[in-house]
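Reader: I would like to go through this model with you, beginning with its surface and ending with a single element. Could you take me through the values in turn?

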Amino acid sequence: MVCSNGNQSEDRYDSQEQQKICLMRTLVESHDPSAKDLDDLTIRRFLRARELDIEKGSAMLLKYLKWRREFVPKGFISEAEIPNELEQNKVLMQGFDRKGCRIVVVLGRNHFQSKLPDGIDELKRLVVYSFDKVCSRLPVGEEKFVGIVDLEGWGYANSDIRGYLGALSILQDCYPERLRKIFIVHVPRIFMTVWKIIYPFIDNRTREKIVFVENKMLKATLLQEMEESQMPEIYGGKLPFQPIQQS
């Protein structure tokens, strides 16, 4: 069975999954004609995010398409829309891991909850800007990225539960199956109070990808995932930090 809209990955789908992709495409396009522009990889990510359940995957994808039109009406987030968030230099795009996935570093100490009326929406726009840029820089055939959340120097002044939950929702609902693994490093004890609030909102597929790393094991753990030449220098590698807007 052939049911494709270009940009096929080199890996082969099994026949059952390919058939479900075809059925899901037909269902989604019947409700939203703009879905015709989606490639099979996108449909597959939403399908897999719902355990190959066509109806649930379709509902998730349709919700995403509606959200994207409303929240990103121009099709992209410009840097002019997120000046305050970019100024904090909290998101960095680094090299690649051993599987070819992009590495993204988030510096928790550089985030401060905005007092502006549009603050939470600007943070969400930063999240979309960052995910879109990272995904656009992935090698052909690669769909995932690796995250490092660095909490060194993080304190209650950096705590922003509403912001964290907003970013989490965008990751899980709008960029499913994009995250390969996320390392949380330099974790202070006081962060665990916030973690207990956030954790119930993390879905099972995301929970499986979260790794807390002890300080003494940090370099060794990261070296299992990436070459030293691709590791941020602050963790013992060779790459200097580079804010995502400069990448």
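Reader: What percentage of the area that the protein chain exposes do carbon and sulfur atoms supply?

Author: This is a predicted model, in which local features need pLDDT of at least 70 and side-chain atom pairs count only at pLDDT 80 or more, while totals for chains, interfaces and linings use all residues. Residues are numbered from 1 along each chain as its sequence is written, and side-chain values use heavy atoms, with hydrogens and water left out. By the Shrake-Rupley method with a 1.4 Å probe, the protein chain exposes about 12900 Å². Of this area, carbon and sulfur atoms supply 52%.

Reader: Which residues of helix H7 are buried?

Author: Helices are DSSP runs of H or I with at least four residues, strands are runs of E with at least two, and both are numbered from the N terminus; H7 covers residues 191–198. Buried means under 20% relative accessible area, with a 1.4 Å probe and protein chains only, and in H7 this holds for Phe191, Val194, Trp195 and Ile198.

Reader: Why do the buried residues of H7 line one face of the helix, and within what arc do they fall?

Author: The arc is that of the directions from the helix axis to the C-beta atoms. Seen down the axis of H7, the buried residues line one face because they fall within an arc of 105°.

Reader: Against which elements do the buried residues of H7 pack?

Author: Contact means heavy atoms within 4.5 Å. The partners of the buried residues of H7 are helix H6 (161–174), strand E4 (179–185) and strand E5 (210–213).

Reader: What percentage of the residues in the protein chain is buried?

Author: The protein chain has 247 residues. Buried residues make up 48% of them.

Definitions and conventions: Buried < 20%, exposed > 50% of the residue type's maximum accessible area, 1.4 Å probe, protein only.
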